[in-house]
Amino acid sequence: MILITILLIAFGGAFVTYLAGKISGKLRNILAVLVSLALVVLISLIYRREISREYYTLPFLNLKLILMSNPLSWFFAIIIAGIGLLSILYSLEYMKDKERLDYYYFTLLFINASMLGTVISGDLLSFFIFWEIMSWSTYLLISYKGGKAIAAGLKYIIMSIIGSLAMLLVIISLYSRYGTMEISAIASYMQTASIGYTLFILITSSLSFVIINAFWPLHTWLPDAHAEAVSPFSSVLSAVLVRKGIYGLYLFMYVILGLNILNKLHVGFISFSSVLCGIGAVTIVFAAFTALVQEDSKRILAWSTVGQGGYMLLGIVFATASGMTGGMFHVLNHCIYIALLFFVAGAIEHRTGGIRNINELGGLIKRMPVTFIAALVGISGLIGIPLTNGFVSKWLIYKTLILGNHPFLAFAAFVGTWGTVLYGYKFIHNIFLGQLPEKYKHIKEAPLLMQLPMILLTVTVILFGVLPGIPLRVISAIQRQVALPPLQTTLFGIPKEAGELNMINVLFAILISCFIVWLLFRRAAKSVPVQQDDSYAAGSYVPKEKYHYTVNFYNPLSKMITPYLRDVASLFYLNIARGTQRVCNIIRRVYVGEVGYYAMYIVLFLAFLIFIQMFF
Amino acid sequence: MRKIISLILLGIVCVGIIFALYSIPFGKDKIKVGKHYIYNGIKETGAVNIVTSVVLNYRGFDTLGEVTILFIAALGLGVVLYGKKKKRKEGLEPASLVLYTGCRFLFPLILLFGAYIFIHGHLTPGGGFQGGAIIASGFLLSYLGCPRKWISKERFNITESLGGLVFVIMGLIGLTIGGYFLSNFLPKGIANTLFSAGIIPILYCAVGFKVGAELAGIIYNMIE
Amino acid sequence: MNFLSNNIYYIGCFGLIFIGLYIVLTKKNLIKVIIGINFIDTGVNLFLITIGYIRGGTAPIFSRPGLNPERMVDPIPQALVLTTIVIGVSVLALALSLAIRLYHHYGTLNLRKIRELKW
Amino acid sequence: MLSPVLLIAIPLGFSFLAPLLKKGAKYIPPIAMLFNLILSILLVPQVMRKPIIVLLGGGWPPPFCINLVASPLGILLALLISLVGFLVSIYAIAYIKEGATEKYHTLYLLLLTGATGIVLTGDIFNLFVFFEILCISSYALVAYNGDKHGLESAVKYLIQGSIGSSFILIGIALLYGLFGTLNMADIANNISYHSLQSPTLYVALAFFITGFGVEGAIFPLNAWLPDAHSSAPSTISAILSGIAIKTGVYAIARVTYTLFSAKGFMIFIATIGIITLLIGEMSALGQKKDIKRMLAYSSIGQIGLIIFAFGIATYYGIFGALFQLVNHALAKSLLFLASGYMIYRVGSKELSAFEGLGKKMPLSSLVFTIGAFSLIGLPPFAGFMSKISIISAGIKANNTALFVFVIIVLFATIIEGCYFFRVVQNLYFKKSRDPAHNCVRDGCPTTQKSEMPISALIPIIILALLIVAIGIYPRLVTGIIESAAIGLMDKVGYIHQILGIF
């Protein structure tokens with residue numbers, strides 16, 4: 001019952017919010033917050049409860065639609081609800097003066113509702129239905145801003161339709177073969193399916209998940225969509241929506257097929273998982289270095305979303321305890337810090353009047369200290385600096401790769417991290433450090449309502465970094481569910497027999513080294529602030545506008561790598577689209593406009609029918 | 001080029017038709033349902049003209065549709081020619097006296113003949129459509145011969161509608177009395193007399209008026 | 001020769017139909033095309049009548065007693081033809097009125113020039 | 001007294017009455033259609049138990065007179081016709097302002113009567129007559145605007161349509177020559193005794209499919225459709241697309257399933273359907289300017305999908321086809337109606353003129369979006385349910401060719417998504433370029449909302465609600481569609497029901 005209540009509140013709340021917006025804006029805002037808060041509370045209530053419940057019967061296909069809750073779906077559901085709540089809170093201030101707010105809140109809540117629907121659905125048809133609802137409602141919000149966002153939205157929706165149709169094919173084919181769509185039933189039937197059929201199911205369904213998760217050759221929609229959406233929604237997009245791909249992959253690979261079958265899927269030495277690994281590695285490296293050459297704050301984050309997806313993939317394709325844990329944990333971590341970073345980018349955009357080009361910014365540390373700390377912690381998490389949550393998950397993934405004898409993959413992962421370090425630093429430096437441009441002299445700190453989600457997320461990043469045991473316990477429950485070996489955990493990390501990671505030790509180590517560094521700095525001479533003109537222009541006057549702020553960061557490196565980063569995939573799709581248009585235009589010419597020809601078509605058809613009937 | 005292609009296509013169709021017609025020999029007796037009508041037609045409908053009994057009784061619904069189609073054509077003409085400038089009316093030259101008198105003389109006779117045709121539809125060859133067409137030709141004559149004496153279109157419209165309504169209402173009365181739409185609820189009378197065959201003469205009168213009015217209306221529209 | 005005399009009606013009516021179709025396919029004048037359509041109509045009507053015909057048959061009207069019902073032709077096709085003739089007339093009237101109006105707009109009846117709607 | 005014949009007789013009577021009423025004529029179609037709607041809803045439970053055979057003209061048993069067959073299929077389609085017809089006629093009260101309005105309303109009612117007759121009749125020649133009623137009134141209505149394009153398309157439609165109807169008539173004549181009867185059940189009975197290899201039957205089938213295909217818009221025969229749909233008044237486009245071509249499809253299904261039961265021929269029908277689908281959707285994608293033309297091409301595509309589903313020739317296939325038929329009728333008439341007033345307000349059929357209309361006409365844009373989503377087949381709208389049933393029918397049939405076709409259907413869905421989302425983004429996300437451009441008529445201030453009049457808004461909102469309702473609760477319609485599909489498959493039962501009563 002509680003699952004149905006959750007769905008009803010989620011969808012109904014969206015509609016009620018919309019209607020409330022027609023009455024007054026304040027009521028709408030309050031309702032939106034209340035609805036998302038209620039979802040968080042309700043979902044926390046079903047922690048560790050296994051429910052499975054029919055809620056609807058489709059008459060003509062003779063199908064029962066089922067809702068269910070298990071550790072996997074709870075894990076994703078709580079992420080969705082949490083980020084949903086925070087982004088709504090953030091929007092209250094961020095979206096204040098924008099137009100069409102009823103529409104905005106409605107769609108945001110609606111997307112959250114449909115995402116919740118996908119994770120708590122217990123059969124493939126309702127999974128698909130919620131998935132599709134999620135796709136089109138996301139489209140409605142991506143394009144919300146107009147301008148460049150329109151093209152981005154179209155790109156997104158077309159790719160996502162392609163993906164979901166592939167999934168539809170799989171689902172219907174499973175249905176017509178086994179006569180059911182219940183996940184657990186299909187899982188038991190699939191144990192006896194032939195290898196060819198299994199491969200068909202796996203490859204076709206992963207097409208859709210690869211698209212939504214933006215892995216390398218199919219990533220092209222993501223950077224545009226994330227960069228052009230409004231910031232609170234960008235954080236929802238890249239924190240949770242994109243990760244539905246991981247959920248789907250996990251569902252099909254481990255819940256439906258299971259390890260036994262996956263291990264059998266070898267064609268020669270190429271196995272299904274090795275292909276996925278390759279995709280993951282390419283995604284990591286490619287995305288990291290593309291992010292490096294971006295100049296747009298949200299685009300950097302968007303590319304990093306693409307790249308971090310690769311780590312998750314590398315984690316979960318190796319069905320070892322540590323790999324799986326690392327992958328899943330990375331999903332959670334990435335969601336926390338990327339949401340935080342998008343909030344940061346949004347706050348800056350909000351205060352500077354929509355500036356996203358980081359070359360025009362600088363020195364904001366003095367004006368927006370809270371935002372800076374949030375950004376610093378977020379970027380540290382992204383890079384994986386110890387004491388942030390990213391460190392633990394990345395550590396687990398590296399460990400898996402190294403212990404599993406995959407030197408190339410590990411190397412790719414490291415290279416990706418170097419790239420991450422570089423663009424992370426660029427992000428921080430260009431926005432917060434360096435010279436403060438004249439026009440931003442009087443900028444204010446982000447409003448309190450926007451600070452609140454940022455602070456919450458910042459704290460969480462650190463908290464999960466120091467006490468990784470809390471989320472890890474949930475994750476090991478997921479692994480138990482699909483009969484994978486769970487990773488033993490302690491509150492501070494991983495016990496000795498499983499590989500030993502104790503964040504308390506790390507904490508002390510870092511505290512001590514910090515203390516030493518602090519001592520060293522105390523001893524060293526104090527820095528002397530000098531006028532900038534002194535060093536730049538030898539004392540002569542230079543107009544402030546001509547100041548050379550931090551542009552062309554990493555210029556030599558960028559020049560070196562840019563030629564290799566041409567987005568071939570994107571160009572390829574563009575050409576396909578153009579070709580299709582051209583073909584369509586040619587086909588349209590069948591309707592020539594002269595009625596004599598039309599009559600000819602009719603007689604031709606008749607003659608053709610008679611011809612084939614006579615002679616065949 | 002186009003001609004050659006058309007010829008080829010038509011040739012193929014022609015071959016098909018030739019094959020098809022093998023099993024339908026010409027002039028042989030292959031009537032099935034029709035035989036029933038011929039043998040039982042007078043008994044069942046009271047009309048000696050079997051074609052009429054088929055048109056108005058056995059397949060009366062077709063005829064209703066047919067009347068409707070003519071009605072549609074008249075309406076459609078009105079729609080298509082709506083708003084066209086009436087230019088030529090003034091420039092018409094009055095007809096010569098001989099023509100004028102002749103028209104006026106013939107006009108009632110033609111109407112009478114038409115009425116005869118449709119009233120006797122169940123007895124002799126002919127019927128509502130034929131009679132209506134004859135009536136319309138009378139109007140055509142009057143339009144051509146004496147352009148001043150045009151009858152207003154309003155009346156045509158009313159006649160049309162009334163004719164159609166009579167048909168439908170007769171059908172509905174048949175439904176209530178006889179249990180079937182268009183059933184022959186009036187007494188059948190003695191075959192081969194004028195007042196026989198139940199509702200058939202009534203329907204044919206309605207059809208006759210309607211068709212006459214519609215065709216005349218179409219002619220009017222076209223001439224205008 | 002026997003074949004010809006046996007099937008002269010079929011040949012006639014399908015001749016009309018094919019001539020009509022040929023006109024519609026190849027001619028470019030709208031009025032000619034309408035005439036072609038009328039040809040097809042007439043051919044089809046003739047075909048219907050031909051199908052119901054019995055060699056040496058009479059009209060199915062018992063206008064006087066003593067007529068042999070065996071030799072009467074099929075009444076149904078005649079009733080059908082009555083209907084199709086009316087349909088043909090209606091289509092013809094509509095087509096002509098459309099042609100009149102079309103001429104007003106385009107100033108031509110050449111179907112190769114009346115092709116603003118395409119693709 | 002609830003005889004299905006009233007479904008035809010009452011509208012016919014009303015339409016004869018309409019020209020007498022001058023100004024009041026515009027209220028005649030809604031009244032008549034409301035009557036039909038209520039009557040067919042009342043007939044539904046009765047028909048679900050046992051089809052009603054109605055005899056006409058003296059009540060002689062079939063095959064000796066014309067009979068109507070109120071089977072679930074017939075009543076389903078009659079219900080659809082009266083529903084869509086009713087809503088469109090309410091819309092037309094405000095929409096049709098110029099021209100010979102009382103003639104318009106009469107012709108409109110006659111068109112719907114013709115469509116109802118087609119789906120109810122059990123006699124092949126009667127079907128032809130009603131077909132002509134439908135066609136001729138639509139020729140006239142397409143030209144209703146009296147502009148260049150309307151007339152041109154009407155002429156083209158008329159030429160193609162009359163060739164098509166001549167072909168149907170030849171087919172009827174051939175069948176009559178073979179069997180001496182016109183009753184469909186009787187013919188079907190004869191055909192099942194007759195050897196199926198007879199070339200006459202093949203040729204007759206070819207003529208039938210070609211003839212009905214012209215109205216049913218299967219691929220090479222549908223050249224009239226984009227012209228006629230794009231230049232007719234929007235109400236007529238809605239009816240043509242929602243009802244008229246459906247009757248053509250119905251006729252094809254009736255002929256192939258009941259009359260000839262040509263099982264071996266079905267894969268060919270499916271192929272035609274797929275080709276129609278592809279050509280239609282691709283042309284729609286290519287058509288970037290004229291929105292009504294784009295919708296017309298999309299209608300072609302959808303018809304292709306329906307015909308493909310009929311060609312699957314299993315129960316599931318027919319079910320999907322009928323379901324899709326219903327959904328498409330609702331959605332496409334919704335789209336044409338919504339775009340009708342948009343075009344009127346903007347003063348142009350150009351797609352680019354629609355930019356930013358979402359703000360000016362919020363409700364119309366919303367319902368347009370719902371209709372478009374339903375056509376693409378996105379849940380939770382009605383189109384999704386039917387599309388999924390067609391796809392599952394195609395896969396269930398266990399045939400490699402059909403599997404390939406299903407993949408083509410999915411591909412066509414992507415194309416559909418492309419062009420519909422193109423419109424949706426024009427409506428909502430693009431800013432209107434030139435304020436003066438958006439306001440040709442009515443002198444509307446540009447910033448203000450200029451929603452449709454309320455009488456036009458109500459029908460399209462009802463249509464949108466229906467689409468959502470069917471999408472969420474498909475049981476609303478699936479019951480009757482299921483028995484309709486069973487009825488269409490069951491040829492023997494059909495023959496038995498009709499011929500067995502004497």
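**Exercise 1. Find out which residues of strand 2 (residues 67–70) of chain D lie on each side, and whether they are buried or exposed.**

Step 1: Recall that side chains in a regular strand alternate between the two faces of the sheet.
Step 2: Put D:Asn67 and D:Val69 on one side, and D:Leu68 and D:Ala70 on the other.
Step 3: All four are buried, so both faces are covered. Here a residue is buried with 20 or more other C-beta atoms within 10 Å of its own, exposed with 12 or fewer, and partly exposed in between, C-beta atoms being placed from the backbone. Strands (E, at least two residues) and helices (H or I, at least four) are DSSP runs numbered from the N terminus.

A note on the model: it is predicted, with local features needing pLDDT of at least 70 and side-chain atom pairs pLDDT 80 or more, while totals for chains, interfaces and linings use all residues. Residues are numbered from 1 along each chain as its sequence is written, and chains are lettered from A and ligands numbered from 1 in the order written.

**Exercise 2. Work out how strand 1 (residues 52–55) of chain D runs relative to strand 2 of chain D.**

Step 1: Four bridges join the two strands; pairing asks for at least two DSSP bridges.
Step 2: The strands run antiparallel.
Step 3: As a landmark, D:Ile53 stands opposite D:Val69.

**Exercise 3. Describe chain D as a whole.**

Step 1: Chain D has 20 helices and two strands.
Step 2: Its C-alpha trace spans about 70 × 60 × 40 Å along the principal axes.
Step 3: Of its 502 residues, 74% are buried.
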